[in-house]
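Biologist: I should like to understand the terms used for this protein and its ligand. Please explain how each description is justified.

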Amino acid sequence: MKNISETFELVNGCKIPSIGFGTWRLSDGYEVISAVSKALECGYRHIDTAAAYRNENGVGEAIGRSGIDRSELFVTSKLWNTERGYRKTLQAFELTMQNLGLDYLDLYLIHWPASESQYKNWDELNLDTWRAMTELYEQGRVKAIGVSNFMEHHLDSLMKTPVKPMVNQIEYHPGYMHNEVVDYCCRNNMLVEAWSPLGESRVLNNEVLCCIAEKYGKSPAQISIRWCIQSGVVPLPKSVTPVRISENFDVFDFEISSDDMCTINSISEFAFSGHHPDKVDF
Ligand code: A2P
């Protein structure tokens, strides 16, 4: 591995593996169990799930079957939108823990902000949810807490609370860089994680990425993943395909030059999912 850390550090000192395995769209049971088992076999030690993915059971099952010591793993789950607010958050967390069969989580995130388009009291609701997240953190039930899909205006109030978000997981890939949010997080000591670091495969035929991939003898997927890590962002690629699961983890034996990083950084936006946090209807 050249010039890159296999772990990043959160503001509270927790270490987080610099790449995680994403599990969105993996159905519970055989599909998620075999994909997570394959990921763990390849060396991933960071698994990202969410209550909304409805596969926490299978994720827990694969973790249990792996025999890997819990302390070597970094497991994230997320609070779904219907469970916002102090009391509901605490209840939802218990269900997540039951489903996963774990006794602590490494990272718990608010999946989406309550937004202005849906709630008059959106800011208050986010703060109320955050109060429960903070309590879980202070009780040691979770090692770190954060948010997902929060933009600057959703974060402003949370930044004034005693325990600030340590992570923000957002859509981030070479076709959608969201630089204002990333800069905000950076200024406020929040690590950024990338959901859909391959733009759900929309970025993989991009000419610039294909050209750079050829130069390094790597695939466009590996270039996108490595670009994330070199940008200080944790990619969470997902796949059900064993050979791709392993390919996506094989990104530690090369380094993208600063010129090529600049070239990727200057790709114009072309592969946004369309899920704007203030406009989604879920
Ligand atoms: P599959 O699951 O059929 O292997 P993202 O992580 O950005 O959401 O992208 C996930 C999508 O990209 C899935 O459709 C997945 O397909 C595909 N994918 C994942 N890894 C690779 C890869 N190395 N090469 C090509 N496609 C990939």
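Modeller: Let us begin with the classes of residue: Ala, Val, Leu, Ile, Met, Phe, Trp, Tyr, Cys and Pro count as nonpolar, Asp, Glu, Lys and Arg as charged, and the others, Gly among them, as polar. The model is a predicted one. By these classes, the shell around the ligand holds six nonpolar, six polar and four charged residues.

Biologist: What makes a residue part of the surroundings of the ligand?

Modeller: One of its heavy atoms must lie within 4 Å of the ligand. The ligand is surrounded by 16 residues, and the closest are Leu198, Lys238, Ser239, Thr241 and Arg244. Helix α9, residues 242-249, gives the most to this shell, with three residues.

Biologist: Why is the pair formed by serine 239 and the ligand called a polar contact?

Modeller: The limit for a pair of N or O atoms is 3.5 Å. In serine 239, a side-chain N or O atom is 2.6 Å from an oxygen atom of the ligand, so the pair meets the definition of a polar contact.

Biologist: How do you know that glutamate 247 makes a polar contact with the ligand?

Modeller: A polar atom in the side chain of glutamate 247 lies 3.0 Å from a nitrogen atom of the ligand; the pair is therefore within 3.5 Å and counts as a polar contact. The protein buries 81% of the 570 Å² that the ligand exposes when taken alone.

Biologist: Why is the protein called as compact as a globular protein of its length?

Modeller: Its secondary structure comes to ten helices and ten strands. The radius of gyration is 18 Å, close to the 19 Å that the globule rule gives for 282 residues, so the description is justified.

Methods:
Residues numbered from 1 in each chain as written. Predicted model: local features only at pLDDT ≥ 70, side-chain atom pairs only at ≥ 80, totals over all residues. Heavy atoms only, no water. Polar contact = N/O pair within 3.5 Å; in protein donor to acceptor, adjacent residues only side chain to side chain. Areas by Shrake-Rupley, 256 points an atom, 1.4 Å probe, with all protein chains shown as cover. Helix = DSSP H or I, 4+ residues; strand = E, 2+ residues; numbered from the N terminus. Rg over C-alpha atoms; globule rule 2.2 N^0.38 Å.
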